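Let us walk through this model step by step, beginning with its overall plan and then turning to the details of its parts. Please keep the sequence and the structure side by side as you read.

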Amino acid sequence: MNTKPAPICGQHKQPKEWKQTTYVYSEDGITVSVPNIYAWVCPVDGEAAFTPETADELFKSVRQLLATAKESRAHQSLLKEYSVSVSSAEQLRPAA
Ligand SMILES: [Zn+2]
């Protein structure tokens, strides 16, 4: 469980909620979507703030997935969409 006090959204002055969200990143016509990751989410506009640990993992994974997708496109693969999941997603929660 997360026991840190909730950060306050600077724009809406509301405490953020610790819950699962979906991170979406688009570059050069390729979209990478990472669902079910925990972040501090603003209750007003849904903007997610990821912990540094989660952001690092996201950045690394997204770069690798983009590279894979671009390579696939370069040799005109018939595959246009991928879905990958791993069972250890809970490790992305920050240490309590
Ligand atoms: Zn907000």
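Read along the sequence, this predicted model follows the pattern β-β-β-α, and its secondary structure accordingly comes to one helix and three strands. Of the 96 residues of the protein, 4% count as buried. Among the contacts with a separation of 6 or more, 55% are made by residues 24 or more positions apart.

The three strands are the place to begin. They form an open sheet in the order β1-β2-β3, in which the pairing is antiparallel. The edge strands are β1, residues 17-27, and β3, residues 48-49, each of which pairs on one side only. Helix α1, residues 52-74, packs on this sheet, where it touches β1 and β2, and its direction makes about 170° with that of β2.

Consider next how β1 meets β2, which covers residues 30-41. The two strands pair in the antiparallel sense over ten bridges, and they form a hairpin with two residues between them, where Asp28 in the turn has a positive phi of about 55°. Two pairs of residues help to trace this ladder on the screen: Ser26 stands opposite Thr31 in β2, while Lys19 has Ala39 of β2 as its bridge partner. As for burial, the number of buried residues among the eleven of β1 is zero, so this strand lies largely in the open.

On the other side of β2, the pairing with β3 is again in the antiparallel sense and runs over two bridges. Val41 has Ala48 in β3 as its bridge partner, and Trp40 stands opposite Ala49 in β3. These strands, too, form a hairpin, here with six residues between them, and Gly46 in the turn has a positive phi of about 75°.

A single residue within β2 deserves a closer look, namely Pro35. Is Pro35 buried or exposed? Because a residue counts as exposed when 12 or fewer other C-beta atoms lie within 10 Å of its own, the 12 other C-beta atoms within 10 Å of Pro35 make this residue exposed. Pro35 and Val24 are eleven residues apart in sequence, and their C-alpha atoms are 8.3 Å apart in space.

The helix can be checked in a similar way. What span should the 23 residues of α1 have at 1.5 Å a residue? The expected span is 1.5 Å times one less than the number of residues, and therefore α1 should span 33 Å, which agrees with the 33 Å that separate its end C-alpha atoms. When looking along such an element, it helps to recall that an α-helix has 3.6 residues a turn, so residues three or four places apart point the same way. Just after α1, Gln76 takes a positive phi of about 55°.

Note on methods: Residues numbered from 1 in each chain as written. Predicted model: local features only at pLDDT ≥ 70, side-chain atom pairs only at ≥ 80, totals over all residues. Pairing = 2+ DSSP bridges. Helix = DSSP H or I, 4+ residues; strand = E, 2+ residues; numbered from the N terminus. Contact = placed C-beta atoms within 7 Å. Axes fitted to C-alpha atoms, helices over the stretch in contact; angles between N-to-C directions. Buried ≥ 20, exposed ≤ 12 C-beta atoms within 10 Å, placed from the backbone.
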